[in-house]
Amino acid sequence: MVREYFGSAYEPVEAFHDMLVAHGEERGLIGPRELDRLWTRHLLNSAAVVPFLPPSGMIVDLGSGAGLPGIVVAAMLPEAQVVLVEPMERRCIWLAEVIAKLGLTNVEVRRGRAEEFHGAFEADAVTARAVAALDKLGRWAFPLLRRDGVLVALKGRSASEEIAAATKVLRRYGATDAEVLAAGTLPGVATTTVVRATRTR
Ligand SMILES: C[S@@+](CC[C@H](N)C(=O)[O-])C[C@H]1O[C@@H](n2cnc3c(N)ncnc32)[C@H](O)[C@@H]1O
């Protein structure tokens, strides 16, 4: 089932899975309890953002950490140019190793905090998973987007409250279409929650 779901991206995603199993815990990227549920909780959870993204253009993944969702997105959208923004050096080293091992040619790592790249990108989409509450995330992410670019954030159950608390920043960037969407992958795998908002100014 998982193989069919990922299709031609299965091979690189499986290689990423294997790298996380082999080194994720020792390198402080993933908790020991997560290793058995990497596919459902992390890789499929990351894949759930893909239907909300443009198939090509620039996608910035903020705070990639171990590479979630950015590496999965890059594997599934080979026509897109994916930029992984991550401030921690050791995580950037890991991300570069993953990219080389998987042979992905459409993804690069940029070390730094989101704010340091304001004005440097005109991305078509920004993704983020477990990085910051929407209020702060909006302040970090909207300046990286072109007009009509979308922020696609993987969120937990608090998504609606986060939208309510982020009214000011959503208004500032004309992102008043912010909505909570249920994102499913495979039957039997829990759906996840995505907040999507378009920068219109
Ligand atoms: C909880 S981890 C989540 C990592 C990954 N997205 C995931 O879902 O497993 C948060 C990540 O955001 C990064 N981060 C923190 N502040 C940041 C900022 N201002 N800009 C970009 N990334 C940031 C951290 O270094 C860390 O790797």
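## Sheet, helices and a ligand shell

Strands S6 and S7 pair in the antiparallel sense, with 5 bridges between them. In that pairing, alanine 183 has threonine 192 of S7 as its bridge partner. Keep in mind as you look around that this is a predicted model.

**The sheet**

S7 has another antiparallel pairing, this one with S5, and 6 bridges hold that pair together. Look for alanine 153 there: opposite it, in S7, stands valine 195.

Now step back to the whole sheet. It is open, has 7 strands, and reads S3-S2-S1-S4-S5-S7-S6 in order, with mixed pairing. Which strands stand at the edges? They are S3 (107-111) and S6 (179-183); each has a single partner strand, so one side of each is left without a neighbour in the sheet. On average, neighbouring strands here are turned by 25° against each other, if you ignore direction.

For a parallel pair, go to S1 (residues 57-62) and S2 (residues 80-86), which are joined by 6 bridges. Glycine 57 sits opposite alanine 80 of S2.

One helix to find against these strands is H6 (residues 134-141). H6 lies across S1, S4 (123-129), S5 (145-155) and S7 (192-198). Against S5, H6 runs at about 145°.

**Helix H2 and its two partners**

Two packed helices are described by the angle between their axes and the distance between the axes. Here are those values for the two crossings that involve H2.

| Helix pair | Axes come within | Crossing angle |
|---|---|---|
| H2 (residues 10-24) and H3 (residues 38-47) | 12 Å | roughly 125° |
| H2 and H5 (residues 89-102) | 10 Å | roughly 135° |

At that angle, H2 and H3 are therefore oblique to each other. Their crossing is right-handed. On the H2 side the contact is made by Val13, His17, Leu20 and Val21, and on the H3 side by Leu38, Trp39 and Leu43. Sorted by class, the contact of H2 with H3 has 6 nonpolar residues, 1 polar and no charged ones.

What about H2 and H5? Their crossing angle makes H2 oblique to H5. H2 passes H5 in a right-handed crossing. Pro12, Ala15, Phe16 and Met19 of H2 meet Val98, Lys101 and Leu102 of H5. The contact of H2 with H5 divides into 6 nonpolar residues, no polar ones and 1 charged.

**Two spots in the loops**

A couple of backbone details are worth a click. Where is proline 69? Proline 69 is in the loop between S1 and helix H4 (70-76). The peptide bond leading into it from leucine 68 is cis, and its omega is near 5°.

The other spot is alanine 130, in the loop between S4 and H6. Alanine 130 has a phi near 55°, which is a positive value in a residue other than glycine.

**Around the ligand**

How many residues are around the ligand? There are 17, and those that come nearest are Gly63, Gly65, Arg113, Ala114 and Arg129. How does that shell divide by class? It has 10 nonpolar, 3 polar and 4 charged residues.

If you want a route through the model, start at the S6 edge of the sheet, follow the strand order across to S3, then turn to H2 and its contacts with H3 and H5. Finish at the ligand, with Arg113 and Arg129 among the residues that come nearest.

Definitions and conventions
Residues are numbered from 1 along each chain as its sequence is written. This is a predicted model: local features need pLDDT of at least 70, side-chain atom pairs count only at pLDDT 80 or more; totals for chains, interfaces and linings use all residues. A residue is near a molecule or strand if its C-beta atom, placed from the backbone, lies within 6 Å of it. Ala, Val, Leu, Ile, Met, Phe, Trp, Tyr, Cys and Pro count as nonpolar, Asp, Glu, Lys and Arg as charged, and the others, Gly among them, as polar. Axes are lines fitted to C-alpha atoms, for helices over the stretch in contact, and angles run from 0 to 180 degrees between N-to-C directions. Helices (H or I, at least four residues) and strands (E, at least two) are DSSP runs, numbered from the N terminus. Angles under 35 degrees count as roughly parallel, over 145 as roughly antiparallel, 65 to 115 as roughly perpendicular and the rest as oblique. A crossing is left-handed if the near helix is turned anticlockwise from the far one by less than a right angle, and right-handed if clockwise. Two residues are in contact if their C-beta atoms, placed from the backbone, lie within 7 Å. Two strands pair if DSSP finds at least two bridges between them.
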